[in-house]
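Trainee: I'm new to this one. Could you take a single part and walk me through it slowly?

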Amino acid sequence: MNNKEIVAQAVFEVVKENLTLSEVARLLENPKSVDHGDVAFPAFSLAKVFRKAPQQIAAELAEKINPEAFEKIEVVGPYLNFFMKKEVISSMVLKQIAKEGSHFGDSNIGNEGNVTIDMSSPNIAKPISMGHLRSTVIGNSISLILSKIGYNPIKINHLGDWGTQFGKLIVAYKKWGSEEKVKAEPINELLRLYVEFHEKAEEEPELNDEARAWFKKLEENDEEALALWKWFRSESLKEFNKIYGMLEVEFDSYNGEAFYNDKMDEVVTMLEEKHLLQTNEGAEIVDLEQYGLNPALIKKSDGATLYITRDLAAALYRKREYNFVKSLYIVGNEQSGHFKQLKAVLKELSFDWSDEMVHVPFGLITKDGKKLSTRKGKIVLLEEVLNEANDSALAQIQEKNPELPNKEEVAHQVGVGAVVFHDLKNDRLNNFDFNLEEVVRFEGETGPYVQYTHARAMTILEKADFVIDPEAVYAVNDADSWEIIKLLQSYPEVVMQAADQYEPSVIAKHSIRLAQAFNKYYAHTKVLVDDDQKEARLALVHAVTVILKEDLRLLGVHAPNKM
Ligand code: ARG
């Protein structure tokens, strides 16, 4: 039970005649300052029933309420402020964590329902960008959070492996490319060709017609076009997999846009049958004016299909294949128009399940204040960023803990973890500037700080040779530990909140606050001193390690025992 539930129960016992338990629970507030206790009950709503001033009601209730779980109940004007009894709460929380370990906060709310998560989804023949990194790590964390509360997440990498850009690439490769160069450095070389195409096409616009013709051939399964496309795709995937390997992110499906090439006719037919398609300058569109949206372009005048046509086919396929209860798209904020159109077209087709499709947008990462775009070849290569982060972590570990035996492994966990954590700690819609030095610092609100705090707490347990006993009663009663107890106690709600909002930053922020509270506590308290509270304090330290580690796990970050 959390504090609110305990207070709700206690108040309910004395207002049974007038309010239900859930009505009482809804009225409870979190006081703004600790001076006003842990939970507050405003007596206003009882004024009418009792025909008395709320102040007087508050005073009378305070007399009647069973004080067992409370240090004190203070009456401040119309408010009842409840101060929880620390021993009661701490023993309850520590017992639960001792018993459940990292399963504390698990639930089966999801009922094993399938949730498809469209995530990462980089484009073939282009470097995986910081935006794709965001999608990858946010999607991965959401999948971990959802599975903690009983959903069955299905991670889909909707690769950008189809579209007119492949026409451009084929033209560029045939004109200026070489097999050896592509083999040696696939993405760099393919990107170079892509950039070269755009430069040359500015002077020779005919190149665009050639590109269109090649894409058309590709759509018609021309052998040469198909072979080149396959090759670009597999070389690109090899490089993407290096990044996924470093991040330890796996996918359940790599069905990208090309997968839907033979599944689009069905959608187009449905749209025709419902008379939703209109011809506009030779192109086929769906009018979405009643939604306040631009028309959705389904087919170009040359018959070529578009991004949204493939997304329509993908949505239908996913509903059939997985019968999802929710379908998430972890894609940058700049595509919100696209996802609104996608849902609107499905709505027009009377698919009610389109209500369960959620675009989970995120902000932009800039570097030195500038947007990162591939078109002009200005991109930050993700692999480089991750490698630099590892190097920086290694240098710091070398300095702090030169004796550590598995330095390289830990440096990897800290370096990559730092980048991931940094990405997840801000509300996902915030834009942020990427500065590696700041990301990998061991102090401040960083991943390494949380990891370091966890390792420090592990060392204390090791020193004390402490083994948690799930049957024992551990109760801490000192004021310094109270902040920690409350953060531990709130964990199940924190997990639920992160899941409801598809917001991993809720978890990251919890981990930072818990780490800060623990470090403050540790600076004030002699944990290892031999007195009758020693075991209880160690149980508290143990609980902190369990929850910090679980916080990090839900973000897709390791918690090394030593660093
Ligand atoms: N490949 C796209 C891009 O890089 C993202 C795809 C997102 N997923 C989707 N189903 N549209 O912009």
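Mentor: Sure, let's go with helix H14, and start with what lies over it. The cover on the buried residues of H14 includes helix H13 (307–322), strand E9 (326–330) and strand E10 (357–360), along with H12, E7 and E8. Keep in mind that this is a predicted model.

Which residues of H14 are buried? They are His338, Phe339, Gln341, Leu342, Ala344, Val345 and Leu346. As for the helix itself, H14 takes in residues 336–348, and its 13 residues should span 18 Å at 1.5 Å a residue; the C-alpha atoms at its ends are 18 Å apart, so the two agree. After H14 comes serine 350, with a positive phi near 65°.

Now look at E7 and E8 from that cover. They belong to an open sheet of three strands, ordered E6-E7-E8 and paired antiparallel. Strand E6 (277–280) and strand E8 (296–299) are the edge strands: each has a single partner strand, so one side of each has no neighbour in the sheet. On average, neighbouring strands here are turned by 45° against each other, ignoring direction.

Zoom in on E7, residues 283–286, and you'll find three bridges joining E7 to E8, the two running antiparallel. In that pairing, isoleucine 285 stands opposite leucine 297 of E8.

That leaves H12, another part of the cover over H14. Helix H12 covers residues 264–273 and packs on the sheet, where H12 touches E6, E7 and E8. The direction of H12 makes about 95° with that of E6.

Definitions and conventions
Residues numbered from 1 in each chain as written. Predicted model: local features only at pLDDT ≥ 70, side-chain atom pairs only at ≥ 80, totals over all residues. Heavy atoms only, no water. Pairing = 2+ DSSP bridges. Helix = DSSP H or I, 4+ residues; strand = E, 2+ residues; numbered from the N terminus. Axes fitted to C-alpha atoms, helices over the stretch in contact; angles between N-to-C directions. Contact = heavy atoms within 4.5 Å. Expected span 1.5 Å × (residues − 1). Buried < 20%, exposed > 50% of the residue type's maximum accessible area, 1.4 Å probe, protein only.
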